[in-house]
Structures are given as structure tokens and as C-alpha cells.
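Here's a walk through the contacts, cores and charged pairs in this one. Have the viewer open as you read.

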Amino acid sequence: MWVYQKMLEYPARVRTCNPRLAKAVITQYGGPDGELGASLRYLTQRYTMPIPEAKAALTDIGTEELAHLEIVATLVYNLIKDASINDIIRAGMDTYYADHDKALYFVNASGVPWVAAYIQSKGDPITDITEDMAAEQKARSTYEYLMQLSDDPDVTDTLRFLWQREIVHFQRFGEVLNLLEDHYSHQRVFEMRGWDPTAR
Amino acid sequence: MDRKQMDRLRHLMELEFVAIELNLFLDTHPYDRRALQDFRAVSQELMMAKSAYEAEYGPLLNFGLGGTSSSPSWEWINDPWPWEINWRRG
């Protein structure tokens, strides 16, 4: 079960009001390679993993992604909370504001809402972990693009923490993949050589 | 949130992060004795620091897992919530 700890994983910080930057950063909240997709993907894949290391890693990394979701939300919330209506309009956030005011919603940088098609839970453990490794790389790349776009050193610092975590997660999933391959390479089928069931 | 509380919370966050990192490592290296030792050490330090923080400032966890204090009120709901904390510099 889940329990909430009233403390961010990292001190997410914003220096100035910046709805333009918020519009980009929100993609890691509800976009294709963001933290919502990551957490749901891992937390739903874990049910059908065949080895305990995989169940633990998916549970724990999935949980950490929820903590990252909270950090991204904190960035967006603080980037827009003091914005005037003019700031919002100038930043091109008026279309978002019309539907959500300054509330957090799951969209990408263009306002496209989150969709379950962003994730897969294919059942085949090798397939699932390979997808997870790709997901971590996509997230890493996205944080790099966001750091390029950021003109706020405090936001950049927080994005860098999240970027580092994606790299670590990629490493962990690589280890799970190796463990799965070991698991499948162990002989569990005991053949009866020469047995012919049709012989009388 | 005053500077003193912020510093103490910051310290907790650092300890918690080390625990999380070791936790993930141990998930794929369950027989690594050194990592297990390190995890146990940081866990211990984290639990003590968390207990001390909660006794003074109220619970950090809900559903019965948080520390209890002598406060006559339900402190869990108190502000600030994590996304409202302004981590002031210097």
C-alpha cells in the first residue's frame, strides 16, 4: 500500500514567476515521457514479474517517480502562482488557464492531455523492462531539453537532480534485465530423452 | 517555516535520499553486504532524526506511521505543505 511522507525528495526551488517556463516543465507532469507515465508504467508492470528483484525495483522506482511527480508539480505551481492575467496571456498559457486556472493538470508542453497509450504493460518481462529502459532515456533527454530552456538557476538545479535520477533508474533496470536473462537461461525443463509416447 | 526548521527538514531530506538510493541498489544487489550495512546505518540515523523532528514540529507520515507528539490537535493537516515551502537561500 502507499503512504505519503510530507517532505519532498529534493528541495524544489523557483526564483521568479515564469509561466512560459511552467508551460514547458509541465510536460514532465502529464507528457509522454513524464513522471506520471513512468510511475504508472512501473507500478502496473510489477504484478507479473517472475523474480523478486524485479518486483522490488519496479515498486520502489515507481514510488520514487511519484515523488518526482510531486517535485514537478511544485515547480509548476510556484512558477505560475504569482502570475498576473497579463503574464499568463503573454506566456501563451491563456488556453491552459481557461480550462484550469492555475491548477495542475496532466498535459504535455502543447496542452495535449495524458493518455494511457503513453505506457505499456505487455506482460513479457523482457519486453516490459526494455520499455522501462527506453522510458528512462526519454525522460533524461526531456530534462536536458528543459534545462536548455530554463533561465532560472533554481529550476535548472531541480531539473538536474531529476535528470540524474533517470540515469540511475536506467542503470537499475539494466541490472533487472540481466537478472531476468539469468533467470530464463536456467534449465527448468527436465527432458525425458528418447521417450516416444506413440510407441506401443 | 523558519530557518531552523528548514535546516532540520533539509537534513532529513538528505538522509532520506541516501536511504532511497541504497534501497534501489539493494533491490538489484540483495547480497551486497557493504550496501546493506550502509543502509542499516543511514536508516537508524534517519529514524532518530525523524523522531526528533516530529516531536517538535508534528508528524511527517500519516496512517499511523508518523511520530506522535503531545499536541492536543491533529497536526498532520498543518501548513506548510511541501509544495508551499520556500527554500530561501543564505
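## Where the chains meet

Between chain B and chain A there is 1 salt bridge, and keep in mind that this is a predicted model. The partners are A:R165 and B:E21, whose side chains come to 2.8 Å, N to O. Polar contacts add to the picture: 9 residue pairs between chain B and chain A are in polar contact, both residues being at pLDDT 80 or more. On the chain B side, helix α1 (residues 3–28) gives the largest share of what touches chain A, namely 13 residues. Sorted by class, that side of chain B comes out at 20 nonpolar, 5 polar and 9 charged residues.

How many residues take part from each chain? Chain B puts in 34 residues and chain A puts in 33 residues. Together the two chains bury about 2800 Å², with 61% of that on carbon and sulfur atoms.

## A charged trio across the chains

Back to A:R165, which also has a partner in its own chain: A:E64 forms a salt bridge with A:R165, and the closest N and O atoms are 2.7 Å apart. A:E64 sits in helix α4 of chain A and A:R165 in helix α8 of chain A, so this pair ties together parts 101 residues apart in sequence. Are these two buried or exposed? A:E64 counts as buried because its relative accessibility is 4%, below the 20% cut-off. A:R165 is buried too, at 2% relative accessibility.

The link to the other chain runs from helix α8 of chain A, home of A:R165, to helix α1 of chain B, home of B:E21, so the pair joins two chains. B:E21 counts as partly exposed, at 25% relative accessibility. Through shared partners, salt bridges join A:E64, A:R165 and B:E21 into one network.

## Another salt bridge to look at

Over all chains, the structure holds 15 salt bridges. One of these pairs the side chains of A:D151 and A:R20 at 3.7 Å, N to O. A:D151 is in the loop between α7 and α8 of chain A, while A:R20 is in helix α1 of chain A, so the pair ties together parts that are 131 residues apart in sequence.

Which label does accessibility give each partner? A:D151 counts as exposed at 54% relative accessibility. A:R20 has a relative accessible area of 41% and is partly exposed.

## The nonpolar cores

The largest nonpolar core has 48 residues, and the members touching the most other members are A:V72, A:L75, A:V76, A:V155, A:L159, B:L9 and B:L12. Which elements each supply at least two residues of this core? From chain A they are α1 (19–25), α4, α7 and α8, and from chain B they are α1 and α2 (33–57).

Take A:V155 as a sample member of that core. Setting aside neighbours within four places in sequence, A:V155 is in contact with A:R13, A:V14, A:L21, A:L75, A:L79 and A:S150. Another core, of 16 residues, lies apart from the largest one and has A:A38, A:Y42, A:L180 and B:L24 among its members.

## Helix α3 of chain A and a leucine beside it

Helix α3 (residues 35–45) of chain A is mostly covered, with 9 of its 11 residues buried. The buried ones are A:E35, A:L36, A:G37, A:A38, A:S39, A:R41, A:Y42, A:L43 and A:Q45. What do they pack against? Their partners are α2 (27–30), α4 (52–80), α7 (125–149) and α8 (153–185) of chain A.

From the α4 side, try A:L58, which is in helix α4 of chain A. A:L58 is buried, with a relative accessible area of 0%. Not counting residues up to four places away in sequence, A:L58 touches A:Y42, A:L43, A:Q45, A:R46, A:M49, A:I129, A:D132 and A:F173. For a sense of scale, A:L58 and A:L8 are 50 residues apart in sequence and 20 Å apart in space, C-alpha to C-alpha.

Definitions and conventions. Residues numbered from 1 in each chain as written. Chains lettered and ligands numbered in written order. Predicted model: local features only at pLDDT ≥ 70, side-chain atom pairs only at ≥ 80, totals over all residues. Heavy atoms only, no water. Contact = heavy atoms within 4.5 Å. Buried area = accessible area lost by both parts, 1.4 Å probe. Salt bridge = Lys/Arg side-chain N within 4 Å of Asp/Glu carboxyl O. Polar contact = N/O pair within 3.5 Å; in protein donor to acceptor, adjacent residues only side chain to side chain. Helix = DSSP H or I, 4+ residues; strand = E, 2+ residues; numbered from the N terminus. Nonpolar A, V, L, I, M, F, W, Y, C, P; charged D, E, K, R; others polar. Buried < 20%, exposed > 50% of the residue type's maximum accessible area, 1.4 Å probe, protein only. Core = buried A, V, L, I, M, F, W, Y, C linked by side-chain atoms within 4.5 Å.
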